[in-house]
Amino acid sequence: MQLVHVSDPDDPRLDDYRSLTDGALRRAREGEVGLYIAESEKVIARAFAAGHRPRSLLVQEKWIDVVTPLVGTRDVPIYVVPNRVAEQLTGYPIHRGALAAMHRPALPPIDELLRDARLVLVLEDVADPTNIGAAFRAAAGLGADAVLVTPRCGDPLYRRSVRVSMGTVFQVPWTRIGEWTDAATALHAHGFEIAALALSDDAHTLDAYAASRPDRVAVVMGTEGEGLSAAALEAADAIVTIPMRGDVDSLNVAAATAVTLWALARG
């Protein structure tokens, strides 16, 4: 562990933390160098507990005593910066005291995730990082064994997704899958029934489906506006809907994920 005091926001050693409010820049840089950003003591602790490796940490002076026990004997620089430097660097006030630039772990193959799973969440093309983070938090808290994300789904390790998930994105095994032709084949090969959450006149209500759920279920959630793709619906073995009242036709994808996983975990 190395405490390094830095007072210049333009110091190149801090480049991993620069302009975090610019989503396109963050995604491009993370893709380039294989990093993600963990924010707050709790999230960093969960990343460490999952075995993820830090490249560096960025902290304000008053948070040193909180962060150093997390780092322990790891040989990693801890950049200590004044408040003004932290805000100039990241573009927003760091209220949670610490950021960590973490090396991205290799994603496991889908067969490894499905081998012992019984309840799987599939996120198809969900772009909003808040919804992705909330869906992972629901998956962790309500008993999903794994999460699969499609090629055009947002990044679960994007800073805001990680923060909203409260670090639970590190607890639930996940991987990125290919197109539906291959993904459906893999799911069916492992004995999963694919249940797509969508509006349909012949859909099963969630309570009825949960009451007689198959042993292995993959629940597919789609985007806010367009819902599930035609390919996802074609791959599905069952269409399931959450009964609604008050002229409301659907829930936010994160809320729908939580409701559905709760029902199926009980079933």
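Residues are called buried when their relative accessible area is under 20%. By this criterion, both faces of strand β11 are covered in the predicted model. Val217, Val219 and Met221 lie on one side, Ala218 and Val220 on the other, and all are buried. The strand spans residues 217-221, and five of its five residues are buried, so β11 is largely enclosed by the rest of the structure.

Strand β11 belongs to an open sheet of seven strands. The strand order is β8-β7-β6-β11-β9-β12-β10, and the pairing is parallel. The edge strands are β8 (174-176) and β10 (204-205), each of which pairs on one side only. In general, strands of a sheet pair through backbone hydrogen bonds, either parallel or antiparallel.

The partners of β11 within this sheet are β6 and β9. Strand β6 (residues 119-123) is joined to β11 by five bridges, and the two run parallel. Within this pairing, valine 120 has alanine 218 as its bridge partner. Strand β9 (residues 193-197) is joined to β11 by four bridges, again in parallel. Here alanine 195 is the bridge partner of valine 219. Towards the β8 edge, three bridges join β7 to β8, and these strands also run parallel. Valine 147 of this pair stands opposite tryptophan 174 in β8.

The contacts of Met221 extend over several parts of the chain. Neighbours within four places in sequence are left aside here. Methionine 221 then contacts Leu121, Val122, Leu123, Glu124 and Val126, among others. Its further contacts include Leu197, Leu228, Val253, Ala256, Thr257 and Thr260.

Met221 is also one of the residues with the most contacts inside the largest nonpolar core. This core has 51 residues. The others with the most contacts inside it are Tyr36, Leu57, Leu123, Phe136, Val147 and Phe170. Helix α11 (residues 253-266) supplies the largest share of this core, five residues. Another core, of 26 residues, lies apart from it. Among the residues of this other core are Val120, Val122, Leu228 and Ile239.

A second strand with complete burial is β4. Five of the five residues of β4 (residues 77-81) are buried, so this strand is largely enclosed by the rest of the structure. Pro77, Tyr79 and Val81 point one way from β4. Ile78 and Val80 point the other way, and all are buried.

Strand β4 pairs with β1 and with β3. Four bridges join β1 (residues 2-5) to β4, and the two run parallel. Leucine 3 has isoleucine 78 as its bridge partner in β4. Four bridges also join β3 (residues 54-60) to β4, likewise in parallel. Valine 59 stands opposite valine 80 in this pairing.

Helix α3 (residues 64-71) makes a right-handed β-α-β unit with β3 and β4. Ile64, Val67, Thr68 and Val71 are buried in this helix. Seen down the axis of α3, these buried residues fall within an arc of 105°, so they line one face of the helix. Asp65 and Pro69 are exposed on the other side of α3. The buried residues of α3 pack against several elements: β1, α2 (41-49), β3, β4 and β5 (98-103). Glycine 72 follows the helix and has a positive phi, near 60°.

One loop residue also merits description. Aspartate 155 is found in the loop between β7 (146-149) and α7 (159-164). Its relative accessibility is 17%, so aspartate 155 counts as buried. A polar atom of the aspartate 155 side chain lies 2.9 Å from the backbone nitrogen of leucine 157. Aspartate 155 and isoleucine 132 are 23 residues apart in sequence. The C-alpha atoms of these two residues are 8.0 Å apart in space.

Terms used:
Residues numbered from 1 in each chain as written. Predicted model: local features only at pLDDT ≥ 70, side-chain atom pairs only at ≥ 80, totals over all residues. Heavy atoms only, no water. Buried < 20%, exposed > 50% of the residue type's maximum accessible area, 1.4 Å probe, protein only. Pairing = 2+ DSSP bridges. Right-handed = clockwise from strand over helix to strand, strands pointing away. Core = buried A, V, L, I, M, F, W, Y, C linked by side-chain atoms within 4.5 Å. Contact = heavy atoms within 4.5 Å. Arc of directions from axis to C-beta. Polar contact = N/O pair within 3.5 Å; in protein donor to acceptor, adjacent residues only side chain to side chain.
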